[in-house]
Structure formats: C-alpha cells, structure tokens
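Please open the model in a viewer and keep the selection tool at hand. The stops below are arranged as a tour, each with a selection to make and a description of what is found there.

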Amino acid sequence: MAWDEWEQLKAEALRQRQTPAHMRLNGADAGAGGGGTQGSSGAPGTYGVLKASQKDLAAIGRAAHGLYNDLWDRARVAVPTSDSAAAGLTQQGFALGAGLQHVSTRWEEQLKSLMDACAHIANHMHVTQALHDGDDGYIARRTSSIALLDAGFDERVGAPGRPNGVYGEQSKKKE
C-alpha cells in the first residue's frame, strides 16, 4: 500500500469518527453510561473483561432455585383462596366475583411464567457450570502440552550463554 493511500485512509477514518451519525460497534461512550473503552494497545478498559467464576454461576443458580421455592410456597397459596372467594361472590350475585376471578386467573398465569423462568435460570446455570468445567479442563490440558513443546524450542529456557537444559546433556564431539 502506498504511503499516500495510507494517509488518505487515515483522514477518511478521522472524518467518519467526527460525523455524529457514525455508529461504533466496538464500544460505547463512557459518559453515557456505556461500557469502557479500549486503549491504543487494544487492551480492555475499565469495564473490559467479562468473567464469571463457577462460584458466581452456582450462586445465581441457587438464588433462582430459592426464588422458585418461595414462589411455590407463598405466592401460590393466594390462588385457591381467591378462586373460592370469586365463586362465592358470583353465587351471591356480586359483579365483583367475575373481576376477582379474572385477577386470580391472571395472577396464576403470571406466577407460572415467573416460576418457569426461575426454573430455566437454575437449570441453565447448572448446565453452564458443568459445560465450563469440561471446557476449562480441556483448555488446561491443551495449553500445558503446548507449553511443554514450546520449552523445547525456546532457547531462552537456559541461562544466557548456556545450552538449553531441555535437550539433555550434550555429548562431547569427537575430533
């Protein structure tokens, strides 16, 4: 690429960056509450790295499971009571019975939806934890063998001016 062409591309990129309608997909303005920016080296900024440990995943799964149990034990109790009250009001000729039945039905639908979401989150965290455990083990095995191979090719393993100890003892040459 010619030097003039490089300068032209840099100037065009600068113009596009100054255009208000330009969209950046690789970051967000930190002043607007978005994520951090990357430095000139490409290293993550203040908010750069997503990291979730197995402990974090397990805690999320336990919290979702606990919420599911609490909803089952406490929120579900209101449904039969409301249904029987709505039926009693309707039998006595009160229009309020139909309204209470509608509220009870909607409550039960929303409660089931929320409980399903909690169960899904708890199950997903359990599966994610198991999958990542396997991935972490696989990556560790692969990188440890690469490091061992790399040590054999790296002349810097030994002290400067000394032969690399990875190759073993050198035999004396015959003259």
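**First stop: the start of helix α1**

Select Trp3, which is exposed, with a relative accessible area of 60%. This residue is placed in helix α1. The structure being toured is a predicted model, and the values quoted throughout are computed from it. Now add Trp6 and Leu9 to the selection: together with Trp3 they make a nonpolar surface patch of about 360 Å².

Remain in helix α1, which covers residues 3-18, and select Glu7 and Lys10, which are three residues apart, about one turn of the helix. Their side chains form a salt bridge, with an N to O distance of 3.5 Å. Glu7 has a relative accessible area of 32% and is therefore partly exposed. Lys10, at 40%, is likewise partly exposed.

**Second stop: salt bridges in helix α4**

How many salt bridges does a search of the whole structure find? The search finds three, and the next selections show the pairs located in helix α4.

Select Arg106 and Glu109. The two side chains meet in a salt bridge of 2.9 Å, N to O. Helix α4 spans residues 96-153, and because Glu109 and Arg106 are three residues apart in it, about one helical turn separates them. Glu109 has a relative accessibility of 40% and counts as partly exposed; Arg106 is also partly exposed, with a relative accessible area of 40%.

Next select Glu108 and Lys112, both in helix α4 and four residues apart, again about one turn of the helix. A salt bridge joins their side chains at 3.7 Å, N to O. Relative accessibility is 49% for Lys112, which counts as partly exposed. Glu108 is partly exposed as well, with a relative accessible area of 29%.

**Third stop: the largest nonpolar core**

Which residues make up the largest nonpolar core? Select Leu71, Ala75, Leu111, Met115 and Cys118, the five residues that compose it. Helices α2 and α4 are the elements that give two or more residues to this core. The largest share, three residues, comes from α4. As general background, nonpolar side chains tend to be buried together in soluble globular proteins.

Centre the view on Leu111. Apart from neighbours within four places in sequence, Leu111 is in contact with Leu71, Ala75 and Arg76.

**Fourth stop: Asp116 and Tyr68**

Select Asp116, another position in helix α4. With a relative accessibility of 54%, Asp116 counts as exposed. Add Tyr68 to the selection: the two residues are 48 apart in sequence, while their C-alpha atoms are 8.2 Å apart in space.

**Last stop: confidence along the chain**

Colour the chain by pLDDT. The protein chain averages 75, and 61% of the residues score at least 70. Where is confidence lowest, and where is it highest? The lowest mean is that of α1, at 79, and the highest is that of helix α2 (residues 54-75), at 89.

Finally, select residues 32-42, over which the pLDDT is below 50. Beyond near neighbours in sequence, this stretch has 13 contacts in the model. Where pLDDT is low, the predicted coordinates should not be read in detail.

How values were computed. Residues are numbered from 1 along each chain as its sequence is written. This is a predicted model: local features need pLDDT of at least 70, side-chain atom pairs count only at pLDDT 80 or more; totals for chains, interfaces and linings use all residues. Side-chain values use heavy atoms; hydrogens and water are left out. A salt bridge is a side-chain nitrogen of Lys or Arg within 4 Å of a carboxyl oxygen of Asp or Glu. Buried means under 20% relative accessible area, exposed over 50%, partly exposed in between (1.4 Å probe, protein chains only). pLDDT is the predictor's confidence in each residue, from 0 to 100. Contact means heavy atoms within 4.5 Å. A nonpolar core is a set of buried Ala, Val, Leu, Ile, Met, Phe, Trp, Tyr and Cys residues joined through side-chain atoms within 4.5 Å. Patches are made of residues with over 30% relative accessible area and no salt bridge: like charges are joined within 9 Å, nonpolar side chains (Val, Leu, Ile, Met, Phe, Trp, Tyr) within 5 Å. Accessible areas come from the Shrake-Rupley method with a 1.4 Å probe; for residues, only the protein chains shown count as cover.
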